[in-house]
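Take a moment with the sequence and the model before reading on. The paragraphs below go from the whole chain down to single residues.

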Amino acid sequence: ARIGYYSAQVLVLLCTFGLMKLVQGKNDTTKLKYVDTKPGANQGKEIETTHVEYDVAQVKQLIQSTLTSVVMISVMHWQFKFTQPLLMQSIMPFKNLLASKVALLYIWKDPATGSLQRPFVAENPLASL
């Protein structure tokens with residue numbers, strides 16, 4: 001289970017870096033202006049960027065999310081001897097990568113309309129409850 005989990009994580013990270021190269025290769029320099037809604041020092045500040053810069057930032061967030069997940073699952077496995085999360089987390093990163101909005105735009109070639117229009121709206125995981 002360990003080998004499968006860590007191999008899957010390395011493969012997901014390689015695919016994510018490949019997605020970043022795909023975004024950079026397309027080099028969509030269309031201007032994008034939006035107001036930052038994330039809590040912090042920049043909240044409410046107007047940000048001017050390009051589609052390629054915005055999409056690369058989104059891919060970097062996906063990489064950070066994957067690495068955070070690897071650390072948490074590794075601690076649960078090595079410190080607390082849980083093996084069940086290894087199996088589930090071997091599959092979920094692929095789903096997260098392939099269903100991400102950047103992947104929908106660049107891999108699946110979906111049009112940038114509706115929920116795929118930049119800036120992406122953060123989905124509330126508790127909204128369906």
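What follows is a walk through a predicted model, from overall layout to local detail.

Start with the fold. The protein chain has 4 helices and 2 strands. Read from the N terminus, the order is α-β-β-α-α-α. A box of roughly 50 × 30 × 25 Å along the principal axes holds the C-alpha atoms. The chain has 129 residues, and 34% of them count as buried. Now look at contacts with a sequence separation of 6 or more. Of these, 55% join residues 24 or more positions apart.

Turn to the surface. The protein chain exposes about 8700 Å². Carbon and sulfur atoms supply 63% of that area. The charges come to 13 positive and 8 negative. Their mean positions lie 9 Å apart.

Next, the packing of the helices. Which residues of helix α3 are buried? They are Pro85, Leu86, Ser90, Pro93 and Leu97, within a helix that spans residues 84-98. An α-helix has 3.6 residues a turn, so residues three or four places apart point the same way. What do the buried residues of α3 pack against? Their partners are α1 (2-26), α2 (51-80) and α4 (101-106).

Threonine 16 shows the packing from another helix. This residue sits in helix α1. Is threonine 16 buried or exposed? Its relative accessibility is 1%, so threonine 16 counts as buried, the cut-off being under 20%. Leave out residues up to four places away in sequence, and threonine 16 touches Val59, Leu62, Ile63 and Leu97. Leu97 has already appeared among the buried residues of α3.

Valine 10 also belongs to helix α1. Its relative accessibility is 48%, so valine 10 counts as partly exposed. Compare its position with that of valine 56. The two are 46 residues apart in sequence, and their C-alpha atoms are 19 Å apart in space.

Now the strands. Threonine 50 lies in strand β2, which covers residues 46-50. Its relative accessible area is 10%, so threonine 50 is buried. What is threonine 50 in contact with, leaving aside neighbours within four places in sequence? The contacts are Asp28, Thr29, Thr30, Lys31 and Leu32. Strand β1 covers residues 31-35. Glutamine 79 makes a useful second reference point. Threonine 50 and glutamine 79 are 29 residues apart in sequence, yet 43 Å separate their C-alpha atoms.

Consider the open space next. Rolling a probe the size of a water molecule over the atoms shows where empty space is left. How much space lies in the largest pocket? The volume is about 1000 Å³. Two or more lining residues come from each of α1, β1, α2, α3 and α4. Which element gives the most to the lining? It is α2, with 9 residues. The lining of the largest pocket has 32 residues in total. Nearest the pocket centre are Gln58, Gln61, Val121, Ala122 and Glu123.

Finally, the backbone. Most residues other than glycine have a negative phi, and most peptide bonds are trans. Three places in this model depart from that pattern and deserve a look.

Asparagine 27 has a positive phi of about 50 degrees, although it is not a glycine. Where is asparagine 27 found? Its place is the loop between α1 and β1. With 45% relative accessibility, asparagine 27 counts as partly exposed.

Lysine 81 also has a positive phi, of about 60 degrees, and is likewise not a glycine. This residue is in the loop between α2 and α3. Its relative accessibility is 62%, so lysine 81 counts as exposed.

The third place is a peptide bond. From arginine 118 to proline 119 the bond is cis, with omega near -5 degrees. Proline 119 is in the segment after α4.

Go back to the model with these points in view. Begin at threonine 16 in helix α1, and follow its contact to Leu97. From there, pass to the pocket through α2, which gives the most to its lining. End at the cis bond that leads into proline 119.

Notes: Residues are numbered from 1 along each chain as its sequence is written. This is a predicted model: local features need pLDDT of at least 70, side-chain atom pairs count only at pLDDT 80 or more; totals for chains, interfaces and linings use all residues. Side-chain values use heavy atoms; hydrogens and water are left out. Buried means under 20% relative accessible area, exposed over 50%, partly exposed in between (1.4 Å probe, protein chains only). Contact means heavy atoms within 4.5 Å. Accessible areas come from the Shrake-Rupley method with a 1.4 Å probe; for residues, only the protein chains shown count as cover. Lys and Arg count as positive and Asp and Glu as negative; His and the chain ends are not counted. The place of a charge is taken as NZ of Lys, CZ of Arg, CG of Asp or CD of Glu. On a 1 Å grid over the protein atoms alone, a cavity is a set of points where a 1.4 Å probe fits but cannot get out, and a pocket is an open set with protein on both sides within 12 Å along at least five of seven lines; lining residues have an atom within 4 Å of a point. Grid points are joined across faces, edges and corners, and a volume is the space filled by probe spheres set on the points.
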